[in-house]
Structures are given as structure tokens and as C-alpha cells.
Amino acid sequence: MTKKQKEKIFSIIIFVIIALVYHFFIDNETETINNSKDNTREVVTLKKCVDGDTAVFNDPVGKTRFLFVDTPESTIEIEPFGKEASAYTCNALETASKIEIEYDGETKDKYDRTLGWIYVDGKLLQEQLALYGLVEDFYDYGDYKYEEKIVTAFNDGSLNHKGIYSDKSFQNVELIDYKIEAGESHITIKTKAKEECEVQFKLPSGSVSSAKGLGNKKADTNGLITWTWNINASTQKGTSITTIVCKNGGTRFAYILK
């Protein structure tokens with residue numbers, strides 16, 4: 001065998017090795033992608049609507065808790081607007097031509113319920129519930145894909161007095177300005193002159209902040225109140241909810257602490 005023939009055979013062997021290594025990594029990468037459910041949708045069939053944020057779909061999906069949103073209770077305990085939230089969700093699911101679930105992070109909660117974003121005929125159900133003022137709280141256990149979209153819809157529903165926020169306890173108070181971030185934060189509202197109001201700042205962890213500067217304050221002669229306080233840099237990031245309670249009314253809005 002000549003030297004030229006040996007070099008040719010050696011080149012062929014190297015080419016084959018490179019090709020095998022390439023296909024090995026590509027196959028493994030494809031397998032990882034296919035095994036991940038994040039950001040993928042699948043069509044499901046409704047078996048039973050439970051309440052505003054829970055439904056039962058076909059196996060293996062089963063009982064499903066809608067990601068991120070918390071609607072008022074309407075089963076064992078009846079909360080204000082719980083029946084309305086349940087009616088909205090059940091009507092949307094029962095009349096839908098197509099229902100899809102999209103996974104985002106953990107697919108099961110501690111009660112073994114499936115977790116996911118729910119699409120009804122192409123519309124994100126959680127966003128619609130928030131937009132119509134039927135979301136009262138959030139459970140923020142991860143960095144969810146549609147968090148900002150839902151918070152925007154929530155503020156639209158609450159500040160425009162829809163659903164839960166049509167009650168007189170959420171009237172007559174105007175949100176003027178706010179800045180919520182690690183470091184110095186503030187909120188300014190307008191209500192009746194000299195009216196006393198309280199601010200409740202619910203942290204992403206679920207606890208209510210007791211920071212200095214929050215609590216009760218009295219409006220000035222123009223009806224303005226400003227609360228200023230500090231948020232520690234180590235505070236858990238996620239969605240916070242601020243509720244203003246006055247004798248004359250109140251307001252509520254959400255903000256993502258980053």
C-alpha cells in the first residue's frame with residue numbers, strides 16, 4: 001500500500017468518526033428538547049369544570065390548577081365573586097371548540113394537580129380572568145412566561161373597576177404614581193381631603209410587609225397621600241400586590257418586583 005493510499009484511508013476514518021460524534025450530539029439534543037414540556041401546547045378535552053381556576057381534563061393531564069392566578073372560592077367556601085369566576089371559566093371551557101394546555105416549569109403541584117397555562121380557542125384563559133376582574137391574588141412560585149401579561153390584565157381589570165373591583169370598597173381612590181423596586185419605593189394616591197387610609201403591601205412571598213413608612217396616613221387638603229418605604233435588596237422577587245383601604249373606598253394593583 002502506497003503512502004498516498006494510506007493517507008486516503010486515514011482521512012476516510014477521521015471523517016467517519018467526526019460524522020458519528022456529530023450525530024450522537026444532535027440525537028441527544030433532540031431527545032432533550034422532545035422530553036421537555038416547557039412552552040409546548042397540547043390539545044386537551046374537558047371532563048369537568050371545578051371552579052374559576054381548576055378543571056379536570058382527559059388523562060393523563062387530569063385535575064389541573066391554572067398557573068399563576070387565584071380566583072375567589074366557590075366550592076366549599078363561597079367568597080364574593082367566586083360564583084362569577086366559576087361561571088366565566090366553566091362557560092368558556094364548556095363552549096370551547098379547542099382547549100390547549102401549555103406547560104411552564106414544574107408540571108405538578110404538591111397536591112399532584114397538573115399545572116399549566118390554559119388556552120380557550122386561542123385566548124389565554126388566565127389573562128381573560130384577570131382582565132374581567134375575576135382574579136384576587138397570585139401564587140408566584142416561579143419565573144413564569146406570561147407573568148407580565150397577566151399582571152397588566154389584572155391592573156386593567158382592577159383599576160377600571162371590573163368584577164371583584166366593581167365593589168364600593170374599590171371605588172373613589174385614584175392611583176396617581178408609584179415606584180416599587182429594591183431600595184426606596186413610593187405610592188401616591190388621591191382620595192377625599194383629610195381622609196385616613198391604610199396601605200397593605202403584600203410581598204411575593206405572600207407575607208404583608210411591616211416596613212417603616214407603610215400603614216395608616218391621612219390625606220392632605222388636596223386628598224393626596226404618599227407612602228415611602230424601603231424594600232431590601234434580598235427580598236424575594238416576583239409579583240407583589242398593593243391594596244389601599246380608605247373609609248371612602250380603596251384600590252388594588254399588582255407589580256412584578258425584579
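Student: How do you know that strands E10 and E11 pair?
Tutor: Five bridges join E10 to E11 (residues 183-190), and the two run antiparallel. Two strands pair if DSSP finds at least two bridges between them, so this count qualifies. In E11, Ile189 is the bridge partner of Leu175. Strands (E, at least two residues) and helices (H or I, at least four) are DSSP runs, numbered from the N terminus. Keep in mind that this is a predicted model: local features need pLDDT of at least 70 and side-chain atom pairs count only at pLDDT 80 or more, while totals for chains, interfaces and linings use all residues. Residues are numbered from 1 along each chain as its sequence is written, and side-chain values use heavy atoms, leaving out hydrogens and water.

Student: What makes E10 and E14 edge strands?
Tutor: Each of them pairs on one side only. The open sheet has the order E10-E11-E14.

Student: Why is the link of Cys49 and Cys90 called a disulfide?
Tutor: A disulfide is a pair of cysteine sulfur atoms within 2.5 Å, and here the S to S value is 2.1 Å, so the pair fits. With -85° about the S-S bond, this link is left-handed.

Student: And what makes Cys197 and Cys246 a disulfide?
Tutor: Their sulfur atoms are 2.0 Å apart, so they meet that cut-off too. Cys197 lies in strand E12 and Cys246 in strand E15, so the pair ties together parts that are 49 residues apart in sequence. Both cysteines are buried, meaning under 20% relative accessible area, against over 50% for exposed and in between for partly exposed (1.4 Å probe, protein chains only).
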